[in-house]
Amino acid sequence: MNSQGGETPSRASADALLAAALNHLLRTQSWARARLGRFAGKTVRLRIFPLDAVLAVGEGGDFAAAAEGSTADAELSLSPFGLARWLAGGAVGLHLVRIGGDSALAQEVGAVLGQLRWDVEEDLSRVFGDI
């Protein structure tokens, strides 16, 4: 229960939400899914302030919430400043990212995520139509 008396969302549901958001970005990026698909079955912990999620890489190069209690094969941590730069469309320097564990997995996930961009206009046009 949280301080307002409601249920606190589980870590698994928060991880599933992050996975769904990333999969939305990956949906039209076959190159990215192909690169990630090489790591199918591996898990990665993403620490992107304020998020901290453990995700599993699927065969199709998509993400899913990792099984409860999973130990991540790799870890990728992005500083709040790095997140702000990425959201603004800027390049995120390596000094803003920390990796651990399986460095090949962490570097590939970081490289793919660093190149993904959200096409806000496209998503809004699906809801509201072209303006």
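This is a step-by-step tour of a predicted protein model, with a suggestion at each stop of what to select in the viewer.

**The whole chain**

Begin with the whole protein shown as a cartoon, where the secondary structure comes to five helices and five strands, and where the elements, followed from the N terminus on, run α-α-β-β-β-β-α-β-α-α. If you switch to a surface, the protein exposes about 8100 Å², of which carbon and sulfur atoms supply 58%, while 29% of the 131 residues count as buried. Among contacts between residues at least 6 apart in sequence, 62% join residues at least 24 apart.

**Strand β4 and its partners**

Next select strand β4, residues 74-78, which is mostly covered, with four of its five residues buried. Add β1, residues 43-48, and you will see a strand that runs parallel to β4 and is joined to it by five bridges; within this pair, Leu46 stands opposite Leu76 in β4. Then add strand β5, residues 97-101, which runs antiparallel to β4 and is likewise joined to it by five bridges, with Val97 in β5 serving as the bridge partner of Leu78.

Stay on β4 and show the side chain of Ser77, a residue of this strand. Is Ser77 buried or exposed? Because buried means under 20% relative accessible area, Ser77 counts as buried at its 15% relative accessibility. The Ser77 side chain also makes a polar contact, at 3.5 Å, with the side chain of Glu75.

**The largest nonpolar core**

Now show Leu46, Leu55, Phe63 and Val109 as sticks, since these are the residues that touch the most other members of the largest nonpolar core, a group of 24 residues. To see where this core draws its residues from, colour α1 (11-26), α2, β1 (43-48), β2 (51-57), β4 and α4 (103-115), the elements that give two or more residues to it. Centre the view on Val109 and, leaving aside its neighbours within four places in sequence, look for the residues in contact with it, which are Leu36, Val44, Leu46 and Phe63.

**Helix α2**

Finish with helix α2, residues 30-37, and select its buried residues, which are Ala32, Leu36 and Gly37. Turn the model until you look down the axis of α2, and these buried residues fall within an arc of 130°, so they line one face of the helix. Leu36, one of these buried residues, is also among the contacts of Val109 that you selected at the previous stop.

Terms used: Residues numbered from 1 in each chain as written. Predicted model: local features only at pLDDT ≥ 70, side-chain atom pairs only at ≥ 80, totals over all residues. Heavy atoms only, no water. Buried < 20%, exposed > 50% of the residue type's maximum accessible area, 1.4 Å probe, protein only. Arc of directions from axis to C-beta. Polar contact = N/O pair within 3.5 Å; in protein donor to acceptor, adjacent residues only side chain to side chain. Core = buried A, V, L, I, M, F, W, Y, C linked by side-chain atoms within 4.5 Å. Contact = heavy atoms within 4.5 Å. Pairing = 2+ DSSP bridges. Areas by Shrake-Rupley, 256 points an atom, 1.4 Å probe, with all protein chains shown as cover.
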